[in-house]
Amino acid sequence: MWSFAKARTSIDPRFPNKTSKLVTTGIYRYSRNPMYLGLLSFLCAAFVYFSALSPLVMIVMFVFYMNNFQIAPEEAILQAMFGEQFEHYCQQVRRWC
């Protein structure tokens, strides 16, 4: 959140079109989606803690949903907004890291 506040841009992933700057510093040097990676880590921890199969199913569903219905649309908007700058960033930084 600090990186977004410092850049004075929106942090809300539901409205990527409100983004005014491409944030590529801080944790975003290593992962394009650290917030989603944090949620995935939480699901993995639940899988280990509960020793059950249902969290494993949720992990697979979460990654599928995020890739197809959240990240892909976000990236399409960011590509349209930032063009070559975003393309270069995608080449340098992995989606899930």
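Select Gly-38 in this predicted model. Gly-38 is partly exposed, with a relative accessibility of 39%, and its place is in helix H2. Add Ile-27 to the selection: the C-alpha atoms of Gly-38 and Ile-27 are 12 Å apart in space, with their positions 11 residues apart in sequence.

**The whole chain**

Next, display the full chain as a cartoon. There are 3 helices and 0 strands, and from the N terminus on the elements run α-α-α. The C-alpha trace spans about 45 × 25 × 25 Å along its principal axes. Of the 97 residues, 34% are buried. The accessible surface comes to about 6,800 Å², and carbon and sulfur atoms account for 65% of that area. Among contacts with a separation of 6 or more, 59% are between residues 24 or more positions apart.

**Helices H2 and H3**

Select residues 34-50 for helix H2 and residues 54-92 for helix H3; their axes are 9 Å apart and the packing angle is about 170°. Because an angle over 145 degrees counts as roughly antiparallel, H2 and H3 are described as roughly antiparallel to each other. To view the contact, show side chains on both helices. On H2 the contributing residues include Tyr-36, Leu-39, Leu-40, Leu-43 and Phe-47. On H3 they include Pro-55, Leu-56, Ile-59, Phe-62, Val-63 and Met-66, with Gln-70 and Glu-74 also among them.

**Tyr-28 and its surroundings**

Move to Tyr-28, in the loop between H1 and H2. Is Tyr-28 buried or exposed? Its relative accessible area is 7%, so Tyr-28 is buried. Leaving aside residues up to four places away in sequence, Tyr-28 touches Ser-3, Phe-4, Val-23, Pro-34, Met-35, Tyr-89 and Val-93. Of these, Tyr-89 merits a distance label: Tyr-28 and Tyr-89 are 61 residues apart in sequence, yet 9.7 Å apart in space, C-alpha to C-alpha.

**The salt bridges**

The structure holds 3 salt bridges. Which residues are linked in a network of salt bridges? Select Arg-32, Glu-75 and Arg-95, which are joined in this way. Begin with Glu-75 and Arg-32, whose side chains meet at 2.8 Å, N to O. Glu-75 lies in helix H3 and Arg-32 in the loop between H1 and H2, so this pair ties together parts that are 43 residues apart in sequence. Both Glu-75 and Arg-32 are buried, the relative accessible area of Glu-75 being 13%.

Then turn to Arg-95, which forms a salt bridge with Glu-75; the closest N and O atoms are 2.6 Å apart. This pair links distant parts of the chain, 20 residues apart, with Arg-95 in the segment after H3 and Glu-75 in helix H3. Arg-95 is partly exposed, with a relative accessible area of 24%.

A further salt bridge is found by selecting Arg-14 and Asp-12, at 2.7 Å, N to O. Arg-14 is exposed at 61% relative accessibility, whereas Asp-12 is partly exposed at 23%.

**Arg-8 and the surface patch**

Select Arg-8, in the loop between H1 and H2. Most residues other than glycine have a negative phi. The phi of Arg-8, however, is near 55°, a positive value. Arg-8 is exposed, at 74% relative accessibility.

Finally, switch to a surface representation and select Met-1, Ile-11 and Met-35, which make a nonpolar surface patch of about 310 Å². Met-1 is found in the segment before helix H1 (2-7) and is exposed, with a relative accessibility of 74%.

Notes: Residues numbered from 1 in each chain as written. Predicted model: local features only at pLDDT ≥ 70, side-chain atom pairs only at ≥ 80, totals over all residues. Heavy atoms only, no water. Patch = residues over 30% accessible without salt bridge, like charges linked within 9 Å, V, L, I, M, F, W, Y side chains within 5 Å. Areas by Shrake-Rupley, 256 points an atom, 1.4 Å probe, with all protein chains shown as cover. Salt bridge = Lys/Arg side-chain N within 4 Å of Asp/Glu carboxyl O. Helix = DSSP H or I, 4+ residues; strand = E, 2+ residues; numbered from the N terminus. Buried < 20%, exposed > 50% of the residue type's maximum accessible area, 1.4 Å probe, protein only. Axes fitted to C-alpha atoms, helices over the stretch in contact; angles between N-to-C directions. Parallel < 35°, antiparallel > 145°, perpendicular 65-115°, else oblique. Contact = heavy atoms within 4.5 Å.
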